[in-house]
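Subject: Structure handover

Hello,

Here is the structure I said I would pass on. My notes on what was found in it follow below.

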Amino acid sequence: MMTPLTSTKPASVWVTNAVFIGRGIRLSLRNVEALIMAIMLPVMLMLLFTYVFGGAIDPSGNYVNYVVPGIILLCAGFGSSSTAVVVAEDMTNGIIDRFRTMPIRCLSVVTGHVVASLARNLFATGVVIAVALLVGFRPSANLLAWLGALGIIVLFIFAFTWLFAAIGLVTGSPSSASGYGFILLFLPYLSSAFVPIETMPSWLRGVANNQPITPVIEAIRGLLNGTSTPTNVWLAIGWCLAILLASILWSVIAFRRKAGRR
Amino acid sequence: MGQYAIEVKGLRKKFGNQIVLNGIDLKVPQGTIYALLGPNGAGKTTLIHILSTLVAPDEGSVHVSGYDIRTEKNLVKHAISLTGQFAAVDEMLTGEENLRMICRLSGLTTAESRVRSSQLLHHFDLTASGRKRVKTYSGGMRRRLDLAISLVTSRSILFLDEPTTGLDTISRRALWDIILQLRNQGITIFLTTQYLEEADQLADTVAVITDGRVVATGTPEELKSRVGEEVIELRNLKDEVIRTIPTSGTVHDMGQTLHELSHTVPKDTRVSIRKPSMDDVFLALTTTTIKELEGISS
Ligand SMILES: Nc1ncnc2c1ncn2[C@@H]1O[C@H](COP(=O)(O)OP(=O)(O)O)[C@@H](O)[C@H]1O
Ligand SMILES: [Mg+2]
C-alpha cells in the first residue's frame, strides 16, 4: 500500500500562479495548429499588406513603415482571442471543479492562460518585426522609443487577453467564445491601422477616431518613426489601462458567478 | 456532528423553477462507504457539488468533517477530495504531468511531487503510460488517473461521482478493489451510482434518491430484502416483459412461485431469472405506502 501523506500546507499564491502559468504555456506549445498559425499569420499579413495592398495604398513604397504597428496589433488581437476559447474550455471541463475544491486561489487558472498568451503574442510580434525588417521596414526609433513601443504593445496584449478571458468566462461554450472573440478582431480595420482616417467616409471617421485601437496604433507608430507626441502615448496607455482594469474586474465577477454552473 | 463525516439536514436546492433537491437528510459515519443510488437526473451530482463546496444550497444545514460548508468552506476543502462525474484531467498533458501539477498545487515541493507521482502511477498500474498524453488513454485508465489525482494528499473524505459509469467489467472490478482498500485505510467514501450491484458490492449504507428525495436508506441487505435476491421475469412470444416478480432466490421460493404462475399465465409464456436492477428497486419502493417510506428514510 502507498505511504499515506501527512496533510501538507496548500501551495502559496506564488507557487499556484507559477504552476498555472507553466500549464498555460505547456498547453499552448501542444496546440500545434494554433502555434503554426501564430507564426504564419504575421508572415502572411506582412507580405500581403506590403506587396499586394501596399502599392495601391501608398505608391511611394513607404507603406511598410506605416503598416507595421497595425499588423502587430492585428496579430496580437488574433493571438489573444484564443484565450477566450481555452478559458471557456477549462470552465466547461470537469477540471475546474477539481481546482475549485482545492484550497488554492482558483482564478490563477485564468492568470496562467493570460501569461501564456502574452508569451505567444510577444513571439508573434517578434516575427512581425523580423519580417518587416526583411521587407524594408526602417524604424527611426532610439532605444528608449523602442522600449516605449514595446511597453505599449505588452499593455495592449494584456488588456485584450484579459478581455478575451472575460468573454471566455461569460460565454457558455468554447465555440461561442470564439464567435464573440471574432467580432473584436475587426476593430483594427476600423482604425488608422491600415489607411489614414482622413480617407474614410465621415461617419466612419467618428468611429475610427474614438475607438481604442487608433490611439494605440498612433502611439506605437509615432514611437517607431520618431513622430510621437506625448498626448498619443498617454491616450494609448489610458485606453489600455482602462480596458485592462475593466476586464480583470469583469473576469473576477464572472468567475465568481460561474461558480458551480455549467 | 462528532462521529459523522457528513451530516445533512433539510437540504433544498432549486435551479430556476426546477426543484432539484427537495429536503435531503442524511448522515454518513466516518470510515464507511455511503452510496447514493439513483437514476439520471435524480440530483446526485448536485448533492455532491453542494457537499464539496462547489454549489451553495438554498436551504438546510450541511456539515462536512464537522465544518459548515457555507461558513467554513476552506476548512472543508482541506478535508475533502472530489472525483467528478467527468474525468477532470488535462487531455493534452501526460498522466505524470497531470499528477505533478496537482502535487505542486497541494503544496508538495518539486522533488516530493516527482516521488509522489511515480508512487501513484505505480499503484494505479499506470507507470507504462505515465509519459503518454491523457487523450490516448482508455476510459478505465482515465478514471484510475482521476482517482490517483484525488489521492495526492491524504484527505479524510472522498467524493466519487459515478466512478464506474461507462467502464467495462474488468476496469469496474479493479476500481471497486481500490475503493474498498481506501475505506480500509479509514477514508470515508461518498459515491453515487446508477447500479444496484455496485452499491451492493461496495456500500455500508445505501440511500436511494429519486426526484431530489431520499426514498429509502439502509444496508444493502435491508434493501435487497425488499427487492429480492433474484427476479423472475416473464415474457410473451413477442419477447416483451409482461411481469417481474422478486424472489428470495432459494429453490423452494422460486419453485413455489413458478408453480403458482403455471396455473395463471398463458402456456407459451417464457421465464428467465436475473439479478434485480435499479428499476426493480424503484418498483418495490414505490409500491410500498408513503407512510412506510417516511419511516424508512428518516
Ligand atoms: N446548473 C444547473 N442549472 C440548471 N439545472 C441543473 C443544473 N445542474 C443540474 N440541473 C438539473 O438538475 C437535475 C438533477 O441533475 P443532477 O444533479 O446532475 O442529477 P444526476 O447526477 O442524478 O444525474 C437535472 O434535471 C438537471 O437538468
Ligand atoms: Mg450526475
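A good place to begin is A:R221, which counts as buried because its relative accessibility is 7%, under the 20% limit used for that word. Please keep in mind throughout that this is a predicted model.

The side chain of A:R221 forms a salt bridge with that of A:E218, with N and O 3.1 Å apart. Both residues sit in helix α9 (residues 213-225) of chain A, and because they are 3 residues apart there, about one helical turn separates them. A:E218 counts as partly exposed, since its relative accessibility is 27%. As general background, side chains of opposite charge can pair when their charged atoms come close.

Other salt bridges

Over all chains, a search of the whole structure gives 19 salt bridges. In chain B, one of them joins B:E230 and B:K275, whose closest N and O atoms are 3.2 Å apart. This pair links distant parts of the chain: B:E230 belongs to strand β11, B:K275 to the loop between β13 (270-274) and α10 (278-287), and their positions lie 45 residues apart. B:K275 is exposed, with a relative accessible area of 53%.

A further salt bridge in chain B connects B:E233 with B:R235, at 2.9 Å between the closest N and O atoms. B:E233 is buried, with a relative accessible area of 8%, whereas B:R235 is partly exposed at 23%. Both are members of a salt-bridge network that also takes in B:D239 and B:R274.

B:D239 has another feature to note: its phi is positive, about 70 degrees, although the residue is not a glycine. B:D239 lies in the loop between β11 (230-235) and β12 (241-247) of chain B.

The contact between the chains

How many residues does each chain bring to the contact? Chain B gives 40 residues and chain A gives 32 residues. The area buried between chain B and chain A is about 3300 Å², and 60% of that comes from carbon and sulfur atoms. On the chain B side, B:L54, B:K77 and B:L105 supply 20% of the area that chain B buries against chain A, more than any other three residues.

Between chain B and chain A there are 4 salt bridges. In a salt bridge between B:D146 and A:R98, the side chains meet at 2.3 Å, N to O. The interface of the two chains also has 10 residue pairs in polar contact, counted where both residues have pLDDT 80 or more.

Which elements of chain B each supply at least two residues of the side that touches chain A? They are α2 (73-79), β6 (80-83), α3 (95-105), α4 (110-123) and α5 (139-150). Of the elements of chain B, α3(B) gives the most to that side, with 5 residues. By type, the residues of the side of chain B that touches chain A are 17 nonpolar, 15 polar and 8 charged.

The magnesium ion

Two residues of chain B are protein donors of the magnesium ion (ligand 2): B:T45 through OG1 and B:Q85 through OE1, at 1.9 to 2.2 Å from the ion. B:T45 is in helix α1 of chain B and B:Q85 in the loop between β6 and α3 of chain B, so the pair links distant parts of the chain, 40 residues apart. B:T45 is partly exposed, with a relative accessible area of 24%, and B:Q85 is partly exposed as well, at 25%.

Two buried residues in chain B

B:S81 is placed in strand β6 of chain B and counts as buried because its relative accessibility is 8%. Its side chain reaches the backbone oxygen of B:S150 at 2.7 Å. Apart from neighbours within four places in sequence, B:S81 is in contact with B:S150, B:R155, B:I157, B:L158 and B:F159.

B:T53 is found in the loop between α1 (44-51) and β4 (59-64) of chain B. With 4% relative accessibility, B:T53 counts as buried. Phi of B:T53 is near 75 degrees, a positive value in a residue other than glycine.

Regards

Note on methods:
Residues numbered from 1 in each chain as written. Chains lettered and ligands numbered in written order. Heavy atoms only, no water. Contact = heavy atoms within 4.5 Å. Buried area = accessible area lost by both parts, 1.4 Å probe. Polar contact = N/O pair within 3.5 Å; in protein donor to acceptor, adjacent residues only side chain to side chain. Helix = DSSP H or I, 4+ residues; strand = E, 2+ residues; numbered from the N terminus. Nonpolar A, V, L, I, M, F, W, Y, C, P; charged D, E, K, R; others polar. Buried < 20%, exposed > 50% of the residue type's maximum accessible area, 1.4 Å probe, protein only. Donors = N, O, S within 2.8 Å, 3.2 Å for Na, K, Ca; no water.
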